[in-house]
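Dear colleague,

Please find below the structure that I am handing over to you. A summary of what was found in it follows directly after.

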Amino acid sequence: MNTLEEKDIQLRSIEPSDSDLIYKWENDTTIWHAGNTIEPFSKHIIDQYVKNAYLDLFQSNQLRLMIDTKGTDGTPEKTIGSIDLFDINSMHQRAGVGILIAEKEARNKGFASQALKAIINYCSEVLLFHQLYCNIDEDNEASIQLFRKNGFEITGEKKDWIRTREGWKTEYFLQLILST
């Protein structure tokens, strides 16, 4: 099996045709809290981002891969989200991970777990990273369970880290050590 594939999904590079989809997702205010976004993105900025997505991940310190479901014949069916490596640090061989299953009908079907498994395998086998990490709000139980199920451990707690309309939230820091 390809490093960037699991049973029902495959990860792929951004294509110019993804620009409208990324624009829609990045400007969906209902999911801004997950990425600490506080302002909309212009179509021009998204187009520039997509245009520059070819840059080497160690040069840009980030990598976004699109998550496609696979049809019964194994070919790409529908783009349902994306998975990001951010703050890539080549010296310390680590990166942050963020995942979005943007299409509501695709949530709670195991696609996020498969995408996370694929990116862990890619980071371990191809990029030879030592560790991955993520930051998750205390009340995002689904994400905490997703990452813990895939080997991440809560190693830190940032109290009153995120300000919301409801008050302050704690954010957890989770890590996965890939190699010793």
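Helix H5 passes helix H6 in a right-handed crossing. The model in which this crossing appears is a predicted one. H5 and H6 (residues 141-149) pack at an angle of about 40°, and their axes are 10 Å apart. H5 is therefore oblique to H6, given that angles under 35 degrees would count as roughly parallel. On the H5 side the contact involves Ala112, Ser113 and Leu116, which meet Leu146, Phe147 and Lys149 of H6.

A second helix pair concerns H1 and H3. The axes of these two helices come within 9 Å and cross at roughly 125°. H1 is therefore oblique to H3, and this crossing is right-handed. The residues of H1 that take part are Ser19, Asp20, Ile22, Tyr23 and Glu26; their counterparts in H3 are Lys43, Ile46, Asp47 and Val50.

H1 (residues 19-26) also lies across strands E2, E3 and E4, running at about 70° to E3. Which residues of H1 are buried? They are Ser19, Ile22, Trp25 and Glu26. Seen down the axis of H1, these buried residues fall within an arc of 130°, so they line one face of the helix. The spacing agrees with a general rule: an α-helix has 3.6 residues a turn, so residues three or four places apart point the same way. The cover over the buried residues of H1 includes helix H2 (32-35), helix H3 (43-51) and the strands E2, E3 and E4.

Turning to the sheet, seven strands form an open arrangement in the order E1-E2-E3-E4-E5-E7-E6, with mixed pairing. Its edges are strand E1 (9-12) and strand E6 (153-164), each of which pairs on one side only. On average, neighbouring strands of this sheet are turned by 30° against each other, direction ignored. Within the sheet, E2 (residues 63-70) and E3 (residues 76-89) run antiparallel and are joined by eight bridges. Arginine 64, for example, has aspartate 84 in E3 as its bridge partner.

One residue of E4 deserves separate mention. Leucine 100 lies in this strand and is partly exposed, with a relative accessible area of 22%; the upper limit for a buried residue is 20%, so leucine 100 falls outside that class. Leaving aside residues up to four places away in sequence, leucine 100 touches Trp25, Ile31, Ile67, Ile80, Gly81 and Ser82. Among these partners is Trp25, one of the buried residues of H1. Leucine 100 and isoleucine 80 are 20 residues apart in sequence, and their C-alpha atoms are 8.4 Å apart in space.

Finally, two asparagines have backbone angles that you may wish to note. Asparagine 61 is a residue other than glycine with a positive phi, near 65°. Its place is in the loop between helix H4 (57-60) and E2, and asparagine 61 counts as partly exposed at 35% relative accessibility. Asparagine 108 likewise has a positive phi, of about 60°, although it is not a glycine. The loop that holds asparagine 108 runs between E4 and helix H5 (111-125). Is asparagine 108 buried or exposed? With a relative accessible area of 79%, asparagine 108 is exposed.

Yours sincerely

Terms used:
Residues are numbered from 1 along each chain as its sequence is written. This is a predicted model: local features need pLDDT of at least 70, side-chain atom pairs count only at pLDDT 80 or more; totals for chains, interfaces and linings use all residues. Side-chain values use heavy atoms; hydrogens and water are left out. Two strands pair if DSSP finds at least two bridges between them. Helices (H or I, at least four residues) and strands (E, at least two) are DSSP runs, numbered from the N terminus. Axes are lines fitted to C-alpha atoms, for helices over the stretch in contact, and angles run from 0 to 180 degrees between N-to-C directions. Contact means heavy atoms within 4.5 Å. Buried means under 20% relative accessible area, exposed over 50%, partly exposed in between (1.4 Å probe, protein chains only). The arc is that of the directions from the helix axis to the C-beta atoms. Angles under 35 degrees count as roughly parallel, over 145 as roughly antiparallel, 65 to 115 as roughly perpendicular and the rest as oblique. A crossing is left-handed if the near helix is turned anticlockwise from the far one by less than a right angle, and right-handed if clockwise.
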